[in-house]
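The following paragraphs examine how side chains come together in one protein chain. Please consult the sequence and the model while reading.

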Amino acid sequence: MHRVAAEERGDVRRPFPVLVAVLAGVATGMCVDRAWAPPLAAEWIASLLCLCGWWYGSRCAWPMPRVGLLLGAIAAASAAWHHDRWHCFSSHELALFASEIPMPVYVEGEALQRPRSVPAPPLDPLCTLPRGDQSRFLMVVDRLRDGGCLREVRGRVELVVQGHVLDVRAGDRVAVHAHLTRLVAPLNPGQVDHAALRRGDRQLCRLSADHPDCVQRISSGSSGLGRWDPRWILDTLRWRGSDMLWHYLGQRQGELASALLLGAREQLQRERTAAFFYTGTLHILAISGMHVGIVAGLFFMILRTSVLPRRAALWLVMGLTIGYAVMVDARAPVLRAAVLVVVVCLGRLGGRPAFAWNSLAAAALIVLAWNPSELFSTGAQLSFLAVATLVGLSEWVLRLQGTPDALQKLLRSVEPWPWRWVRRLGSQALTITVAGCAIWLVTLPLVMLRFHLLSPAALILNVVLWIPVVGAMFAGFIVLLTGWLCPPVAQVMGWIAGLNLWCLEATVEAVQHWPASHYWVAGPAAWWVAGYYAGLGIYACWPAARRNTRVSVAGLACWFVVGWLAPIMWDGAVGTSDEPHLCCTFLAVGHGTSVVLHTADGEAVLYDAGSLGSPDAPMQIISNYLWHAGITRLRAVIVSHADADHYNALPGLLERFPVETLYVSNMMFRHDSPALDVLAAAMRESGAAIRCLHDGDLWSLDRRSSARVLHPPRQGVRGSDNANSIVLFTECAGRSLLLPGDLEGSGLERLLSQPPQRCDVAMVPHHGSPHSAPDRFARWCQADWMMISGQPHEEMDHVRHALQATGCRVLHTAVDGAIRVRLHAQQVHVERWRTSGWQPVTSRSLHVRTKPRPLSGR
């Protein structure tokens, strides 16, 4: 009786989560190494010293210092392990021969998987370089042609081939003629670091081939002993499984079933996955812990209905779950769920229930031992947060409900069976609803920080979609098990799985179009999110915090107030301390242009928004920068001319940011094209005012900054769209900035025939093309700084030297990344973006670029 009362009050002393403390030490060490990268030897020496101190403290009976020293040893050893996986590569690493500019190479290596076919995206008028079908697979390169010989190298890369590669299997040795490119760090603030994601998998470069004939199989790994290679077996199972799902469910539902059951999302078009992303249900299409849990439950249910004893069924469930996790690539969420399934099964075999927090910490330790970079992966963070929320919620519900007394049990046992079923279903529905809401609330700050998305629709969908997801997975696995043995059963189960998948997709697409289904947000600051989760961790692991619920809730409320007030106070402090200035940021969007003007009064103006190729990449770069800078609305957007690489990101931006005025030239829509039709429709639907600009127009950006149009004239000039680019001359505090778009031909000659327009900073016309006479333009405007917005090309150095001969300093977004210019009355501050933040540009730091290791005979 005393224990029951203590449990109801929450006073029962639980076992101390030892592994949680170990996990905290491991995570601390890895974070320190990622941030400051101490020498590897220093980390091992620190670990050894802490171990010696722990051993000495155990002999002298020092309890608290001994625990601290042991955790310090664990942290230092974890830092060393992360350092080895993140910073240490072979001296023969393939990336040492690569650069940002693609270079042709001949390599040999071993394929790690069967090529996965990626279908061509639907025709998009805004995409200036449509691509066809592709094949992608991982390989380990061990030979690189250097002149007349083959040099030994080592590198794990992804090969992207234009077309279908049909005769390569896992374990095959292949020869490839391709272009080698080094993966680079983000060139813009707020940009997703894809290079870091690849580096976590030991990939530092990539290969791209133009045709399937560029890939030749030297020898087969799928014959003889190669057939017993686990990679070949798992790769074949996955490929055969996808074919079987396509056969029994049809192409459309087969694509969805392959993603849901086997993690093969390559065949899903972006338009289909976008609805899941916007509604906060994309995790359904990515193999995660939820899928592994459902699969393990199905395995156990099927095995328990057979003649197998309970212990044998548990062992088989563990083996099948591990095999399934490996087959679907064993990413961090999958590995975490597999470890938890194994722990639960071992606990049942031993007759002892596992402590939830220690089990979750053990799963995290195994994941970090497998790949330390998963600590910084958003997918892994969300996965562990969701499970930790469920663990904490279950403990809170148990404390709240207490233990039912004997009278309550007796009354429930004599209820009619229909009422018992209704009560049970209602209780399960309530549990799923509460759990879904709790997970949504706990993970919301991280989702807003990483994806800038707030999806209230997920609160409803994550509860409703349980039924079709479980039904589709159950029927889909029956198809995989019976498709080769009993086709009639597989046909029926395929129809059931297809029906569930149709309900799943139709529900998501319908909810996506609700008025309040999702919102684009700037997201909280990273420091605030870190403090938020640190507070939740203290509340979950510290008994005193759980007993003082009012104090904990008050502390959480105060932290929310701090997060709300901090940006306001920071903006106010910056605005009152700085002199009148204009901030101009040239974003690195590849072969395109995007310039953001940010005034001292908080007004933001966007000059061009586009890039060569797909519109998605520049849209994400510009959006992430605006959110990173705290910009949630734009006073104006100026489209310089009718080339798609200057506006193809604008329709997507108009969906994410409210815009007050859109400015174009009179020549913008003089020619019809599908891309311009899409742009015009997006401009009309945005509700922004549309104005036309011509030479002589003058307007104020804010109280201290003004902009004047130098070109084109009202009637335009003869020539291409480039010749009618809007040339914008901006002034602030006696300083000036010139943006000429893609001006060339007759338009450039007209501008250069006018009196010289002295300015401090100017952008080189037409991405630094020699056809736009960059040296003549530099002499005409007499700028101190010339900025080139474009991608790397062979003539880049020639153009830079020609500009420097005029006496100006030159920066290129392809080399220097995003460039920020702050115009003050006293001076001009020029900075470029690096992963550590904005860095001032000096004469010594101009155009410092890592050169690839030279190859003989090249």
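Phe 560 is partly exposed, with 41% of its relative area accessible. The coordinates belong to a predicted model, and this residue offers a convenient entry to it. The ring of Phe 560 pairs edge-to-face with that of Trp 528, the centres lying 5.2 Å apart and the planes meeting at 65°. Trp 528 belongs to helix α19 (residues 526-541) and Phe 560 to helix α21 (residues 549-577), so the pair ties together parts of the chain that are 32 residues apart in sequence. Unlike its partly exposed partner, Trp 528 is buried, because its relative accessibility of 5% falls under the 20% limit for that class.

This pair is one of 17 aromatic pairs in the structure. Ring pairs also build a cluster, whose members are Phe 277, Tyr 278, Phe 451, Trp 520, Trp 627 and Phe 657.

Aromatic rings also receive charged groups. The charged end of Arg 202 sits over the ring of Phe 89, at 4.1 Å from the ring centre. In a similar arrangement, Arg 169 places its charged end over the ring of Trp 239, 5.6 Å from the centre.

Charged side chains may also meet one another. Side chains of opposite charge can pair when their charged atoms come close. A search of the whole structure yields 26 salt bridges. One of them joins the side chains of Asp 172 and Arg 217, with a distance of 3.6 Å from N to O. Asp 172 lies in the loop between β4 (149-162) and β5 (173-182), while Arg 217 lies in strand β7 (residues 215-219), so that this pair links distant parts of the chain, 45 residues apart. The two partners differ in exposure: Asp 172 is buried, at a relative accessible area of 0%, whereas Arg 217 is partly exposed, at 40%.

A further salt bridge brings together the side chains of Arg 633 and Glu 660, at 3.2 Å from N to O. Here the connection runs from the loop between α22 (616-628) and β13 (634-638), which holds Arg 633, to strand β14 (residues 659-665), which holds Glu 660, across 27 residues. Arg 633 is partly exposed at 38% relative accessibility, and Glu 660 is likewise partly exposed at 43%.

The side chains of Arg 820 and Glu 831 form another salt bridge, with an N to O distance of 2.8 Å. This one connects strand β23 (residues 819-823), home of Arg 820, with strand β24 (residues 828-834), home of Glu 831; the two residues are eleven positions apart. Both Arg 820 and Glu 831 are buried. Salt bridges can also join into a network, as they do among Arg 252, Glu 255, Arg 272 and Glu 505.

The nonpolar interior remains to be described. In soluble globular proteins, nonpolar side chains tend to be buried together. The largest nonpolar core in this model has 56 residues, of which Leu 245, Tyr 324, Met 473, Phe 477 and Leu 501 touch the most other members. Helix α17 (residues 466-482) is the greatest contributor to this core, supplying eight residues. Leaving aside residues up to four places away in sequence, Leu 501 touches Leu 249, Gln 253, Leu 256, Ala 257, Leu 260 and Ala 472. A second, separate core comprises 41 residues, among them Val 637, Ala 642, Ala 644 and Met 683.

Conventions: Residues numbered from 1 in each chain as written. Predicted model: local features only at pLDDT ≥ 70, side-chain atom pairs only at ≥ 80, totals over all residues. Heavy atoms only, no water. Salt bridge = Lys/Arg side-chain N within 4 Å of Asp/Glu carboxyl O. Helix = DSSP H or I, 4+ residues; strand = E, 2+ residues; numbered from the N terminus. Buried < 20%, exposed > 50% of the residue type's maximum accessible area, 1.4 Å probe, protein only. Phe/Tyr/Trp six-rings, centres within 6.5 Å; stacked < 30°, edge-to-face > 60°. Lys NZ or Arg CZ within 6 Å of the ring centre and 35° of its normal. Core = buried A, V, L, I, M, F, W, Y, C linked by side-chain atoms within 4.5 Å. Contact = heavy atoms within 4.5 Å.
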